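User: Hi! I've got a model open and would like to talk through a few spots in it. Could you walk me through them?
Analyst: Happy to, let's take a look together.

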Amino acid sequence: ENYPQNFPTGFLWGGATAANQVEGAWNLDGKGLTTAEVVKKATNRKKMSMDAVDQVTLHQAINDHTTMLYPKRRGVDFYHHYAEDIKLFAEMGFKVYRFSIAWARILPHGDDKQPNQAGLDFYDRVLTELEKYQIQPLITLSHYEMPLDLTLKYNGWSDRRTIAAFNHYTQIVFEHFGQRVKYWLTFNEINTGTWGFHATGAIDQGLSKQQQLQLRYQSLHHQLVASALATKQLHELYPTDKIGCMLARMQTYPASPKPEDVRAAQLADQKNLFFSDVQVRGEYPAFMNRYFAENKLIIKMGTDDQAILANNPVDFISFSYYMTTVTKADQDGTAVGNMATGGRNPYLKESAWGWQIDPIGLRITLNELWDRYQKPLFVVENGLGAQDKLVNDQIHDSYRISYLRQHIIQMKEAIKDGVKLLGYTMWGPIDLISFSTSEMSKRYGLIYVDQDDLGRGTLTRIRKDSFYWYQKVIATNGTDL
Ligand code: BG6
């Protein structure tokens, strides 16, 4: 056959986490408070609480010095368990581990002149551990958190000065860790900045819908510029290293063949792909001009911004894939589960959190992104959040195995279709704090962590059935599924 039959050799199998969901140690060794650590656990797991931070709740959180209400201050104590956890990743045969650096561990106030040595030391220890097992690091520079002082000082990314603060941080990180790291990502799921605080670090409660959108797109413009500047910094220091964008790709299907529905779905997809369009092609796509005008949004650009974007496109495209949605012309986005907006698809099953499970959608997504950009792709998140039952120290998570298996099968189909795919890091190889609800009981892991929603438990790590299954998948490079 003159087309690929399997995963390429050197395919990067592994898992992905984020600092604020695993590390804990929120106030140790000089680390500053972050935006993720002022967010409470959701009271309704079907709703997303992450962005409901206003001035009142913010100051309550700042004055609360406990971890009780704020699970992201606890994580799963990776800060002290990293050696044990990486050993387990190695046992599964991981080729790559995606994790993020907490900006506030390196620069506690966000714009300190000198880095916090203890913060650098921690990530050096993590890298040393990975090197022991020849696991390639893939580092996210900003995963849904930033030093809270930048929120207090500048209202986060809404202020242009945050660009300089971020690129001071990235320069330090590249200089310090660059020799040991080949793959980088700038902003996690950059498009979700249109949802608010968790990604923009800008308080926008109390504003009108239009004002919120204005502030969010302006913040995102600043991130796009900062991302391009980070790309420039990395390439100047290490010309062969690779840096990618990261999109929460949410493919949507038209609710019917009615042209109005098809067009509405197309627009919804364009608004999602806008971000990768800028980061890959280096310019704002024309379709956004109309969207901005119709919504009275004005993006203020610095004189050099367009040149910065144009001269520094990313090397590869990474994305998370959890679900698809359905779009109808005359119906403006009812929520699907606790995250995306869009309609339900009668052909799909959904998770307990209402996330619609669509493995074939992953094949469609991979083909679309490859057709659009012809740049290497990397699936850096995919997984099933579920409630696990521990019986006799075992977890029989056949539902998780089945979810991952079906998605890997479709990834293989996409490779046969001709898509160039660098790797796959499933989300949450070890149980961690949920992003959207800050629950512990929404588990993605192949490794169980003994901790409940209130932070009670021994933090013992236990291999689930899916652990052994994924070990076999990696050992056979995806042939034995
Ligand atoms: C992605 C995020 O949106 O989805 C992760 O990048 C997050 O941080 C993951 O954990 C799953 O979402 P949740 O809300 O189930 O944790």
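**Strands, helices and a few residues**

Analyst: Let's begin with strand E2 (residues 96-100), which pairs with E3 in the parallel sense over five bridges. Keep in mind that this is a predicted model.

User: Which residue stands opposite Thr-140 in E3?
Analyst: That's Ser-100.

User: And how does E3 pair with strand E4 (residues 183-187)?
Analyst: In the parallel sense, over four bridges. For one of the contacts in that pairing, look at Ser-142, whose bridge partner in E4 is Phe-187.

User: How many of the seven residues of strand E3 are buried?
Analyst: Six of them, so E3 (residues 136-142) is largely enclosed by the rest of the structure.

User: Nice. Switching to helices: at what angle do H10 and H11 pack?
Analyst: Helix H10 (residues 259-281) and helix H11 (residues 286-294) pack at about 125°, and their axes are 10 Å apart. That angle makes H10 oblique to H11, since it falls outside the 65 to 115 range for roughly perpendicular and is not over 145, where roughly antiparallel starts.

User: Left-handed or right-handed crossing?
Analyst: The crossing of H10 and H11 is left-handed.

User: Which residues make the contact?
Analyst: From H10 you have Gln-270, Lys-271, Phe-274 and Asp-277, and from H11 there are Phe-287, Met-288, Tyr-291 and Phe-292. By character, the contact of H10 with H11 has five nonpolar residues, one polar and two charged.

User: OK, new topic. Where does Ala-104 lie?
Analyst: In helix H4, which spans residues 103-106.

User: Is that residue, Ala-104, buried or exposed?
Analyst: Ala-104 has a relative accessible area of 1%, and because the cut-off for buried is under 20%, Ala-104 counts as buried.

User: What does Ala-104 touch, not counting residues up to four places away in sequence?
Analyst: Its contacts are Gly-30, Lys-31, Gly-32, Leu-33, Thr-34 and Pro-147.

User: How far apart are Ala-104 and Gly-354 in space?
Analyst: They are 33 Å apart, C-alpha to C-alpha, with their positions 250 residues apart in sequence.

User: One last spot: where is Ser-351 found?
Analyst: Ser-351 sits in the loop between strand E11 (349-350) and strand E12 (356-357). Ser-351 counts as buried, at 12% relative accessibility.

User: And what is Ser-351 in contact with, leaving aside neighbours within four places in sequence?
Analyst: Ile-357, Leu-384 and Gly-385.

Note on methods
Residues numbered from 1 in each chain as written. Predicted model: local features only at pLDDT ≥ 70, side-chain atom pairs only at ≥ 80, totals over all residues. Heavy atoms only, no water. Axes fitted to C-alpha atoms, helices over the stretch in contact; angles between N-to-C directions. Helix = DSSP H or I, 4+ residues; strand = E, 2+ residues; numbered from the N terminus. Parallel < 35°, antiparallel > 145°, perpendicular 65-115°, else oblique. Left-handed = near helix turned anticlockwise from the far one by under 90°. Contact = heavy atoms within 4.5 Å. Nonpolar A, V, L, I, M, F, W, Y, C, P; charged D, E, K, R; others polar. Buried < 20%, exposed > 50% of the residue type's maximum accessible area, 1.4 Å probe, protein only. Pairing = 2+ DSSP bridges.
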